[in-house]
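Let's walk through this structure together, with an eye on its aromatic rings and on part of its surface. Have the model open as you read along.

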Amino acid sequence: MSESTTERLNKRLRSISKEDFSDYLFQLKQAPSLYDFFNLYMKKHHLSMAEIIKNSLIARNYGYEILNGKKKKPSRDHLLALCIGAHMNLEYTQHALRIAKSGELYSKVPRDAAIMLMINQKEWNIVKINEFLIQHDLKPICYAKNLS
């Protein structure tokens with residue numbers, strides 16, 4: 001398995017001096033955007049924006065704005081819905097959340113733990129995930145269409 005970008009950055013950070021920190025910051029600015037991340041993921045997994053948006057159940061126009069890079073800071077729930085709609089595993093989902101600076105899913109937070117469980121179980125249906133969340137008195141993942 002190849003070394004992840006984060007692992008490379010951690011290794012580099014351990015070996016640089018304070019004088020080289022400016023170069024490190026420049027490298028950080030070169031990190032991929034959410035747009036780049038989704039484009040690479042869609043190519044690798046042979047998915048279209050339309051498929052991801054349809055599976056995510058979020059408003060079509062809003063989904064395209066996020067995936068086209070026009071919406072730079074989507075809500076965490078909308079990003080989660082897109083990740084689930086793209087059938088991303090937990091590693092990819094966490095990476096997308098990191099890129100967007102939306103806070104990774106955290107296993108000590110009950111709602112996050114439930115979402116992590118569903119992703120790990122390869123449950124990609126937002127309605128079923130939301131039903132599971134509601135059964136456990138947890139807030140559902142928001143999306144454009146109502147559950148009822």
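In this predicted model, the count of aromatic pairs comes to three. One of them joins F37 and F38: the ring centres are 5.9 Å apart and the planes stand at 80 degrees, which makes the pair edge-to-face. How accessible are these two residues? F37 has a relative accessibility of 9% and counts as buried. F38, at 1%, counts as buried too, because the cut-off is under 20%.

Now follow F37 to another partner, Y92. Here the centres lie 6.3 Å apart with 45 degrees between the planes, so this pair is tilted. Look at where the two residues sit: F37 belongs to helix α3 (residues 34-45) and Y92 to helix α7 (residues 90-99), so the pair ties together parts that are 55 residues apart in sequence. Y92 itself has a relative accessibility of 23% and counts as partly exposed, whereas F37 is buried at 9%.

Step back and the ring pairs add up to a cluster, linking F37, F38, Y41 and Y92.

Let's turn to the surface next. Which residues make the nonpolar surface patch there? L13, F21 and L25 do, and the patch covers about 240 Å². Of these residues, F21 lies in helix α2, which spans residues 21-29. With a relative accessible area of 38%, F21 is partly exposed; this value is over the 30% required of patch residues, so F21 meets that part of the rule.

Conventions
Residues are numbered from 1 along each chain as its sequence is written. This is a predicted model: local features need pLDDT of at least 70, side-chain atom pairs count only at pLDDT 80 or more; totals for chains, interfaces and linings use all residues. Side-chain values use heavy atoms; hydrogens and water are left out. Rings of Phe, Tyr and Trp (its six-membered ring) pair if their centres lie within 6.5 Å; planes under 30 degrees apart count as stacked, over 60 as edge-to-face and the rest as tilted. Buried means under 20% relative accessible area, exposed over 50%, partly exposed in between (1.4 Å probe, protein chains only). Helices (H or I, at least four residues) and strands (E, at least two) are DSSP runs, numbered from the N terminus. Patches are made of residues with over 30% relative accessible area and no salt bridge: like charges are joined within 9 Å, nonpolar side chains (Val, Leu, Ile, Met, Phe, Trp, Tyr) within 5 Å. Accessible areas come from the Shrake-Rupley method with a 1.4 Å probe; for residues, only the protein chains shown count as cover. A salt bridge is a side-chain nitrogen of Lys or Arg within 4 Å of a carboxyl oxygen of Asp or Glu.
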